[in-house]
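Please look through the structure shown here slowly, moving from the whole chain to single residues and then to the bound ligand. The paragraphs below follow that path.

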Amino acid sequence: MSSCTATAIIDCQALVNNFKRIKKVAPNSKILAVLKANAYGHGLERIAKTLIQKEAMADAFGVARIDEALELRAAGIVKPIVLLEGFFSTDDLPVLAVNNLQTIVHNEQQLNAILTAELDKPLKVWLKIDTGMHRLGINPEQFQYFYQSLSTSKNVQQPLVLMSHLACADEDNNALTAKQLNLFEQLTQNTYEERSMANSAAIFTMPQSQYDWIRPGLMLYGVSPLPLSSNSSACSGIEPVMTLQSSLIAVRNLIAGETVGYGGVWQSEKDTTIGVVAIGYGDGYPRHAKNGTPVLINQRRVPLVGRVSMDMITVDLGRDAQDQVGDAAILWGKQLPVEEIAEYATTIPYELLCNITRRVQVEVI
Ligand SMILES: Cc1ncc(COP(=O)(O)O)c(C=O)c1O
């Protein structure tokens, strides 16, 4: 008898193919591959190393925390790395300079710290403008002041990159998107700086947002940022990089009227067979996945029944099931899109991918 426990199978060729597909859609833009949150749960170093190969060569990497950037440098990655939220403390500045890390500037504290620092080398800066997301970024009225200050500072490499982030790129014809794009264009059109706006959704649905740098995250991993209800075929041609798999560790008969799992919240209406799969919220499988969430076993979709436990889930295999202990169970992947599981769990695929925990084994193909 042999059963495998929760395993994330990472298909590096799929990553390469997705990268090439993105490049085809935006041939004139440089690619900053977004690797934050452990490369969306796919393994920071592994993904970075796959994206420095000749056939899929990112121009830069984007991370959220300085520790992620330093981990990449320690792994021997020499490509430009951009801190997408900038630096959080003045003490970080020499670390940025020594490690050749680029930073976003989105507030006055960061601007003043850079202008007054004593640095051995100037820093590469991405100036983030808030065009309507109202999360990070300088207000449009502050643009000239920040732009002039950074353009003339001895601590800043020229040219700058001017950037903004879209709030609703994944929604069809959202008026805020057009407003953000117009404002960004208006503010930046007479500068000689590089520009960047597009995340995954925008790269595919709004070519006018591609500019000099695109910043794909989710699509690199073969997942669509567009809602399942969207009929857009914009994201076709990408393939999931991660397959999350485990196996049946028990197959049990259940009599009609009996309940399954904590709280006895699911009761079978008929005699059936219950399969117990070795995966739970301790592995990152969403606890709020609804009854009926599909799990792929022996090429057929069977429904999740009962509550998700820390280490196990239960599925209804049906009365005459032939499935056996040790059979593989796919939670998401090529034949079962994580986008669909996210809907059953009332969340987004980003969260499911990032939530994969340390005890999940990784198999790279
Ligand atoms: C500034 C910035 N650019 C790009 C991305 C990539 O977004 P996506 O994963 O939707 O492509 C993110 C992710 O949140 C981001 O914060």
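**A walk through the model**

We begin at one strand: Ile 313 is placed in strand β18, which covers residues 313-316. The model in front of you is a predicted one, and in it Ile 313 has a relative accessible area of 1%. Because buried means under 20% relative accessible area, Ile 313 counts as buried. Along the chain, Ile 313 and Leu 248 are 65 residues apart, while their C-alpha atoms are separated by 9.6 Å in space.

With that starting point in mind, we can step back to the whole chain. The protein chain has 365 residues, of which 55% count as buried, and it contains 11 helices and 20 strands. If you draw a box along the principal axes, the C-alpha atoms of the protein chain fill roughly 75 × 45 × 40 Å.

Two helices can now be looked at in turn. Helix α1 spans residues 12-25 and holds Lys 20, a residue that is partly exposed, with a relative accessible area of 37%. Lys 20 and Met 57 stand 37 residues apart in sequence, and the distance from C-alpha to C-alpha is 9.2 Å. Helix α8 runs over residues 175-188 and includes Leu 183, whose relative accessible area of 22% makes this residue partly exposed. The partner to find here is Gly 132, since Leu 183 and Gly 132 are 51 residues apart in sequence and 8.9 Å apart in space, again from C-alpha to C-alpha.

The next stop is the backbone. As a general background, most residues other than glycine have a negative phi, and most peptide bonds are trans. Where, then, is a peptide bond that is cis? The bond from Gln 158 to Pro 159 is cis, with omega near 0 degrees, and Pro 159 itself lies in the loop between α7 (143-151) and β9 (161-163).

Another loop, the one between β16 (294-297) and β17 (300-305), contains Asn 298, and Gln 299 is found in the loop between β16 and β17 as well. Phi of Asn 298 is near 50 degrees, which is a positive value in a residue other than glycine, and phi of Gln 299 is near 70 degrees, also a positive value in a residue other than glycine. Are these residues buried, partly exposed or exposed? Asn 298, at 42% relative accessibility, counts as partly exposed, whereas Gln 299, at 65%, counts as exposed, because the limit for exposed is over 50% relative accessible area.

We come now to the ligand, which sits in the largest pocket. Which residues are found around the ligand? They are Val 34, Lys 36, Tyr 40, Lys 128, His 165, Asn 199, Ser 200, Arg 215, Pro 216, Gly 217, Leu 218 and Tyr 350. Sorted by class, this shell is made of five nonpolar, four polar and three charged residues.

Three of the contacts to the ligand can be followed atom by atom. In the case of Tyr 40, a polar side-chain atom lies 2.6 Å from an oxygen atom of the ligand. For Ser 200, an N or O atom in the side chain is 2.5 Å from an oxygen atom of the ligand. Gly 217 takes part through its backbone, where an N or O atom lies 2.8 Å from an oxygen atom of the ligand. On its own the ligand has 390 Å² of accessible area, and the protein covers 91% of this.

One residue of the shell, Arg 215, is a fitting place to end, and we may ask where in the chain it is placed. Arg 215 is in the loop between β11 (213-214) and β12 (242-254), and with a relative accessible area of 6% this residue is buried. Its C-alpha atom is separated by 13 Å from that of Trp 126, and the two residues are 89 residues apart along the chain.

Note on methods:
Residues numbered from 1 in each chain as written. Predicted model: local features only at pLDDT ≥ 70, side-chain atom pairs only at ≥ 80, totals over all residues. Heavy atoms only, no water. Near = heavy atom within 4 Å. Polar contact = N/O pair within 3.5 Å; in protein donor to acceptor, adjacent residues only side chain to side chain. Areas by Shrake-Rupley, 256 points an atom, 1.4 Å probe, with all protein chains shown as cover. 1 Å grid on protein atoms, 1.4 Å probe; cavity = no way out; pocket = protein on both sides within 12 Å on 5 of 7 lines; lining within 4 Å. Sits in = over half its atoms within 2 Å of the grid points. Nonpolar A, V, L, I, M, F, W, Y, C, P; charged D, E, K, R; others polar. Helix = DSSP H or I, 4+ residues; strand = E, 2+ residues; numbered from the N terminus. Buried < 20%, exposed > 50% of the residue type's maximum accessible area, 1.4 Å probe, protein only.
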